[in-house]
Amino acid sequence: TNFWASVPQGPPDPILGVSEAFAKDQSSNKINVGVGAYRDENGKPYVLESVSKAEDILHQKRSNKEYLPITGEADFVKLASELAYGKDCKALQDGRIAVSQSISGTGALRIATGFLSMFYSGPRVVYLPNPTWGNHIPVVEQTGMRVARYRYFDKKTVGLDFDGMKEDIKAAEQGSIILLHACAQNPTGIDPTQDQWKELCEITKAKKHLVLFDMAYQGFASGDIIRDAFAVRYFVEQGHQILLAQSFAKNLGLYGERIGTFSMVCTNKEEKDRIQSQVKRVIRPLYSSPPLHGAQLVATILGSPELYEQWLGEVKKMADRIIAMRERLYDLLVEFKTPGEWGHIKSQIGMFSFTGLTPEQVDALKDHAHVYMTRDGRISMAGLNEGNIQYFAESVSKAVK
Ligand code: PLP
């Protein structure tokens, strides 16, 4: 017998598929703006200096390779949550936030949906922005929960559809789970303003919704880790019992180390202990306990005043390079008299820009210019640099004309 004859071919991953096609392209001027990983001014993957120094320190230490506890490395977990919530966060000081190490942001989201599917007594529906990071959908659905959407992107203004967003969140059944991108929304690069966050905080509270924050880009959006954590910290201050998925993939360039945290703000310490005991029961059958190295790296950096300062400078440098590329791309598109309004390239924030290019234009860029991006017209600004931006802008300009 063949057990697997009826298993159909799965669809290619829309993001990783772009990289595969790019790798096959033999052209010397090919450009990949599909993948969401930072590239330096020479288009190369970038290892932060603070990370290299932490690697050296760890190498000297020659520590053992024992298992970590189910919830991860204690120093890491403490330092990481201080970074997200702020050292002066009352809930953190009260010891009522349940925090676990996670397999980066995705793993944190998967713990969240696993926990919710086991214990949430409200509606089993997670509201995601439209559009959102594609992986949010299966992460929710694989735990048997339902996905619903709230409006987010306004095609006409290439900006935030704030009225639509509010309407949909208000119309959701009381106690729904609302996923919010904490900063640098992927794929649009459009975030609510601080005043808009305050309104969202009130609306979600009035509707007794449960808020799940996905924070994959702290520091990467504005270059300032405090500013990028505004929404998370504000909601907690206002008494929301948020859930948080935190990732160190982008802001520390630790993509492949798979390091992050999952946390839940509880009402008191006793409740936190109960919650944490159940979070452990979600994690244990998934992967038993988390990996060691990334946690040690992050703890070494966040725990050393000198490396911490250096890291802050490096995050800012990455964010600033992206912001500079936005300005440059805008100027070039205008210089080439590209039809349309391109101001959104400058006002959007974080790794991505949602260009407004149509799927047909995206295909033409690939076929005629060796320029690769996802078909929704999202580009990773980090894929652009002084060496390729002129050619990129020219190619986009031609594709639009
Ligand atoms: N959430 C968002 C919005 C993202 O863009 C990403 C990565 O692209 C992630 C979560 C998770 O990334 P990772 O699992 O690498 O931390």
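Which residues of S8 are buried on one side, and which on the other? In this predicted model, Leu210, Leu212 and Asp214 sit on one side and Val211, Phe213 and Met215 on the other, and all are buried, with both faces of S8 covered. The views below start from the whole chain and come back to this strand.

**View 1. The whole chain, with its 16 helices and 13 strands.** Let's start zoomed out. The C-alpha atoms fit in a box of roughly 65 × 60 × 55 Å along the principal axes. For 401 residues, a compact globule would have a radius of gyration near 21 Å, and the chain, at 21 Å, agrees with that. Of those 401 residues, 46% count as buried. Contacts reach far along the sequence, too: of those with a separation of 6 or more, 76% join residues 24 or more positions apart.

**View 2. The stretch annotated as a domain, residues 29-395.** The name comes from the unreviewed UniProt entry, which labels this stretch "domain: Aminotransferase class I/classII large". Helix makes up 46% of residues 29-395 and strand 15%. Look for the two ends of the stretch: their C-alpha atoms are 11 Å apart.

**View 3. An open sheet of seven strands with mixed pairing.** Reading across, the order is S2-S10-S9-S8-S7-S3-S4. S2 (97-103) and S4 (146-151) are the edge strands, each with a single partner, so one side of each has no neighbour in the sheet. On average, neighbouring strands here are turned by 25 degrees against each other, ignoring direction.

**View 4. S9 and S10, an antiparallel pair in the sheet.** Residues 243-247 form S9 and residues 259-265 form S10, and five bridges hold the pairing between them. To find your bearings, pick out Leu243, whose bridge partner in S10 is Met264.

**View 5. S8, seen with its parallel partner S7.** Back to the strand we opened with. Six of the six residues of S8 (210-215) are buried, so the strand is largely enclosed by the rest of the structure. S7 pairs with S8 over five bridges. A handy landmark is Leu180, which has Phe213 in S8 as its bridge partner.

**View 6. Helix H7 lying across S3, S4 and S7.** This helix takes in residues 162-171, while S3 spans 125-130 and S7 spans 177-181. Against S4, H7 runs at about 140 degrees.

**View 7. Gly189, in the loop between S7 and helix H8 (194-206).** Is this glycine buried or exposed? Gly189 has 24 C-beta neighbours inside 10 Å, and 20 or more is the cut-off, so Gly189 counts as buried. Leaving aside residues up to four places away in sequence, Gly189 touches Ala184, Gln348, Ile349, Gly350, Phe352, Ser353 and Phe354. Take Phe352: that residue is 163 residues from Gly189 along the chain, yet their C-alpha atoms are separated by 5.5 Å.

**View 8. The crossing of helices H12 and H13.** H12 covers residues 293-302 and H13 residues 305-335, and their axes come within 6 Å. The crossing angle is roughly 100 degrees, so H12 and H13 are roughly perpendicular to each other. At the meeting point, look for Thr300, Ile301 and Leu302 from H12 against Leu307, Tyr308 and Trp311 from H13.

Methods:
Residues numbered from 1 in each chain as written. Predicted model: local features only at pLDDT ≥ 70, side-chain atom pairs only at ≥ 80, totals over all residues. Helix = DSSP H or I, 4+ residues; strand = E, 2+ residues; numbered from the N terminus. Rg over C-alpha atoms; globule rule 2.2 N^0.38 Å. Buried ≥ 20, exposed ≤ 12 C-beta atoms within 10 Å, placed from the backbone. Contact = placed C-beta atoms within 7 Å. Pairing = 2+ DSSP bridges. Axes fitted to C-alpha atoms, helices over the stretch in contact; angles between N-to-C directions. UniProt positions renumbered as here; feature names shortened; annotations may be inferred. Parallel < 35°, antiparallel > 145°, perpendicular 65-115°, else oblique.
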